[in-house]
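Biologist: Please show me the model, and let us talk through its aromatic rings and one of its strands.

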Amino acid sequence: MNEIIVSPSILSADFMNLEQEINSVKEAGAEWLHIDVMDGHFVPNITIGVPVVKSIRQKTDMFLDTHLMIENPEKYVESFAKAGSDLITFHLEACKNEEHIRKVIRLIKSFGKKCGISIKPKTDVKEIFPYLNEIDLVLIMTVEPGFSGQEFIHDCALKIPQISEKCKNNLIIQVDGGINNITSKICISLGANSLVAGNYVYKSLDYSKSINEIKNWR
């Protein structure tokens, strides 16, 4: 299996010291930085927007993994792309139909960005199958999106091998929600190759130890 990509979620970081928090996870071995964007409509919480992403881009060369948990994602793709996102992931459930989904995929790609689609825990994994060859990443939510610190939903991990069987070899299968040194092993053993970790990294006393525990799954 290829190297596991760990993407710490800044939602769990200390925002009073955000630049240092970003530098610390990079030094600890994280490859990506996960940025949760919530609008208070698609999910019941509001987090950060374009100005913060732009500021982060000016302070780090880390790969910015931007997760849009918002309605009408096509309205904001250009702004997040120009702010410096390297990957933009939107929710399948935020789109009205197949045409809408493909419109958002094309838009993200038009800015030269990698494109991901995320599915909530209750969404049938088969709904994402038609788009697997058009995108770079699938994000499987193993908690209900909207808040950090929720407990891992084990049944959601069973979507991983179903996607792996259908996808192209270079598709990134990412899992977000309740990731720790135990759940990471479950996800990786099932075929995931990218893990989003918030509290397990940022609430720990040793970022390097936490990240290594996620990567060293055997």
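Here are some short questions and answers on this predicted model.

Biologist: How many aromatic pairs does the structure hold?

Modeller: A pair of rings is described by the distance of the centres and the angle of the planes. Counted over the structure, the aromatic pairs number two.

Biologist: Is the pair of W32 and F63 stacked or edge-to-face?

Modeller: Planes under 30 degrees apart count as stacked. For W32 and F63 the angle is 20°, with 4.3 Å centre to centre. So this pair is stacked.

Biologist: Which strands does the pair tie together?

Modeller: The two residues are 31 apart in sequence. W32 is buried at 9% relative accessible area, and F63 is buried at 19%. W32 lies in one strand and F63 in another, so the pair links β2 and β3.

Biologist: Is the pair of Y202 and Y207 stacked or edge-to-face?

Modeller: Y202 is buried at 5% relative accessibility, and Y207 is buried at 16%. Their centres lie 5.4 Å apart, with 80° between the planes. Over 60 degrees counts as edge-to-face. So the pair of Y202 and Y207 is edge-to-face.

Biologist: How many of the residues of β2 are buried?

Modeller: On one side, W32, H34, D36 and M38 are buried. On the other side, L33, I35 and V37 are buried. So β2 is largely enclosed by the rest of the structure, and its buried residues number seven of seven.

Biologist: Through which helix does the chain cross from β2 to β3?

Modeller: β2 and β3 run parallel, joined by seven bridges. The β-α-β crossover between them is right-handed. The helix on the way covers residues 50–59 and is α2.

Conventions:
Residues are numbered from 1 along each chain as its sequence is written. This is a predicted model: local features need pLDDT of at least 70, side-chain atom pairs count only at pLDDT 80 or more; totals for chains, interfaces and linings use all residues. Side-chain values use heavy atoms; hydrogens and water are left out. Rings of Phe, Tyr and Trp (its six-membered ring) pair if their centres lie within 6.5 Å; planes under 30 degrees apart count as stacked, over 60 as edge-to-face and the rest as tilted. Helices (H or I, at least four residues) and strands (E, at least two) are DSSP runs, numbered from the N terminus. Buried means under 20% relative accessible area, exposed over 50%, partly exposed in between (1.4 Å probe, protein chains only). Two strands pair if DSSP finds at least two bridges between them. A crossover is right-handed if, with the strands pointing away from the viewer, the path from the first strand over the helix to the second runs clockwise.
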